[in-house]
Structures are given as C-alpha cells and as structure tokens.
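Colleague: Got a minute to walk me through this one? I'd like to start with the packing.

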Amino acid sequence: MMQMVSEENKYSNFKLTITKMSEVTIITFANQKGGVGKTTLCTMFANYLVAKGKRTIVIDCDGQQTIFEKRKADHKKYKDLKEPYKVQAFSIADPENVRNLMQNLRQMKGTVLIDAPGNLAQQGLIPLFVQSDYVVCPYQYETTSINSTVTFLGFILQLKKRVQSMATEILFVVNRHDKRYGTERERKLWAETDAQWANYGKVMPKIEQRVEMQRYNTVELTVSQEEIVTPCFDSIYNVIYGEDGHGKAKE
Ligand SMILES: Nc1ncnc2c1ncn2[C@@H]1O[C@H](COP(=O)(O)OP(=O)(O)OP(=O)(O)O)[C@@H](O)[C@H]1O
Ligand SMILES: [Mg+2]
C-alpha cells in the first residue's frame, strides 16, 4: 500500500482554490483490477465526448501505453487523419511530476480523460486521484473483480479521509456484462454489491460483453459500439454536464 502522509497539507488549500476557478473536468478511469475495461472505456468515452462537441484530451498513464500506441496505429491506418483529440503518454513513476501534470491540467479547458494503470502500489496515483473530479471504476460481476474493487474503493475512501478537500466522485460501471451468466444466488449477491456501491458513489448502467467492444479505435465509435455504450455514457455525461450538457462541468 502507498504512503499517504502529508498529502493533506500538499493539497487542501490548493484544491479549495482550484475547484472554484477550474474550467476543466478531470475523469480518471481506474480500478486496481486488470482487464476490466479501463483503457477501452476511457478511449471510447473520448470518442463519445468529441462526437458531442466537447473539447477532450486523453492522458495515457498506463505503462503499456495502449491508447497512445493505438493512436499511432490509427495514423498509419487512416492517412491524413485529423485527430479528434490529443492523446498524450505520461509516466506516473514520479509523484512530483504527476503533481505538476495535474496542476497544468487544471489550467486547461474541457474534459481530461486519464487512463490509470492497474497497480495501486505506484505513488504517482495519489495526486492523480486527489485531483480528479471523477473516477470511473469499471468492474465485472465475478468474485475476484468485486474483491479487487472493494480494495480499490477502500483505498480511495482512505485517501478521502486524509485529504478532506478531495471531492472526487466515484462512478461504478459493470463492464463485460453477460445476462446469461451467474446463478440466482450470484445475481442476488451482485445486486447487493451494487446497492452497497451506491453508498459511496453512483452506479451507472451496465455495459455488455460484446466482441464489437474489442475493435475500438481512437477516432470514433462504430454504430454498434455506440448502441452498446450509450446508456452508460449518457448517464456519465449527465452526471458530469447535467441533462442539458452545460451542468456542473464547463465546456
Ligand atoms: N464490454 C466489453 N466486451 C468485450 N470485450 C471487452 C469489453 N470491455 C473490454 N473488453 C476487452 O477486455 C480486455 C481488457 O480490456 P482493457 O484493456 O480495456 O482493460 P484494462 O482494465 O485497461 O486492463 P489493464 O489493467 O491491463 O490496463 C481487452 O481485450 C478488451 O478488448
Ligand atoms: Mg489498460
């Protein structure tokens, strides 16, 4: 586990001032569980947001640099590609660098989407979470995924306790959902889990397990992808921008 000492002093005053002035919304896709769809949903949500006319940037903080590499591949695939949004790779190895990054992002306008690595042991994750307005936490309906999500939630809650000005809201997303899967007992258990999450954040509509989800790019959603993600993404959008698109978050 990470050390969280002295974070309160570093952030409390800063956060109070920035939340008042900020014209940016920072959304981090995170869960310590691997393979739950952080990268997929981060990229697809970027495609969704730009289609809605929102100024968007993606910061790829995962060591594997999946989104960054995917953008490179898209450039090869689509000649003269006009980037709908920038994708920047960033290493979170040094927490001081991450603090600087987050301060710089706070000066921007629009929506910043961050793909976080799945390893909680990285110190750089602390400023990332503290300075995020929202954490989108994908998970799957299966025991190890739920257990990891509990650990992750515990970590965020502990961080919130220590950094009292931390206003990060958690949005839970069941991803790779398969209606046919699970015994009656398991389904009851999952419903109870979701009810518990609701005490700590907002539970968004589920995203189905579908092969189309594996063929995403960094440009736009296909029609069938749009169909799959829209209920969930519309809900996230409404939480962030309000029903009319001009709510809490700014352009
Ligand atoms: N809704 C879905 N339906 C089908 N496949 C999916 C869905 N969401 C994600 N996947 C697939 O699951 C795998 C893991 O997804 P992804 O890489 O986005 O997870 P991650 O949480 O970013 O993983 P890591 O922890 O390794 O960074 C990928 O092969 C992806 O294509
Ligand atoms: Mg990933």
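Modeller: Sure, one term before that: two residues are in contact if their C-beta atoms, placed from the backbone, lie within 7 Å.

Colleague: OK, so what is V136 in contact with, leaving aside neighbours within four places in sequence?

Modeller: I27, F29, L41, L171, V173 and I236 are in contact with V136 once those neighbours are left out.

Colleague: Before I trust that, where does the model come from?

Modeller: It's a predicted model: local features need pLDDT of at least 70 and side-chain atom pairs count only at pLDDT 80 or more, while totals for chains, interfaces and linings use all residues. Residues are numbered from 1 along each chain as its sequence is written, and chains are lettered from A and ligands numbered from 1 in the order in which they are written.

Colleague: What percentage of the chain counts as buried?

Modeller: 37% of the 251 residues. Buried means 20 or more other C-beta atoms within 10 Å of the residue's own, exposed means 12 or fewer, and partly exposed is in between; again the C-beta atoms are placed from the backbone.

Colleague: And which residues have the most contacts inside the largest nonpolar core?

Modeller: L128, V136, C137 and V173, in a core of 59 residues. A nonpolar core here is a set of buried Ala, Val, Leu, Ile, Met, Phe, Trp, Tyr and Cys residues joined through C-beta atoms within 7 Å.

Colleague: Switching to secondary structure: how many helices and strands are in the chain?

Modeller: Eight helices and seven strands. They're DSSP runs numbered from the N terminus, with helices being H or I of at least four residues and strands E of at least two.

Colleague: How many of the 14 residues of α2 are buried?

Modeller: Twelve, so α2 is mostly covered. Among them are K38, T39, T40 and L41. Just after α2, G53 takes a positive phi of about 85 degrees.

Colleague: What about α4, which residues are buried there?

Modeller: V98, L101 and M102. Seen down the axis of α4, they fall within an arc of 95 degrees, so they line one face of the helix; the arc is that of the directions from the helix axis to the C-beta atoms. The buried residues of α4 pack against α5 (125-130), while E96, N100 and N104 are exposed on the other side.

Colleague: Where is P117 found?

Modeller: In the loop between β4 (109-115) and α5. P117 is buried, with 22 other C-beta atoms within 10 Å. Not counting residues up to four places away in sequence, P117 touches C61, D62, G63, I92 and Q122.

Colleague: Any odd phi values away from glycine?

Modeller: Most residues other than glycine have a negative phi. Q65 has a positive phi of about 50 degrees, and D80 has a positive one of about 55 degrees. Q65 is found in the loop between β2 (56-60) and α3 (66-77), and D80 is in the loop between α3 and β3 (86-89).

Colleague: Is D80 buried or exposed?

Modeller: D80 counts as exposed because it has 5 C-beta neighbours inside 10 Å. Q65 is partly exposed, with 18 other C-beta atoms within 10 Å.

Colleague: Last thing, which residues are closest to ligand 1?

Modeller: G34, T39, T40, G118 and M213, out of 16 residues that surround ligand 1. To be counted, a residue needs its C-beta atom, placed from the backbone, within 6 Å of the ligand.
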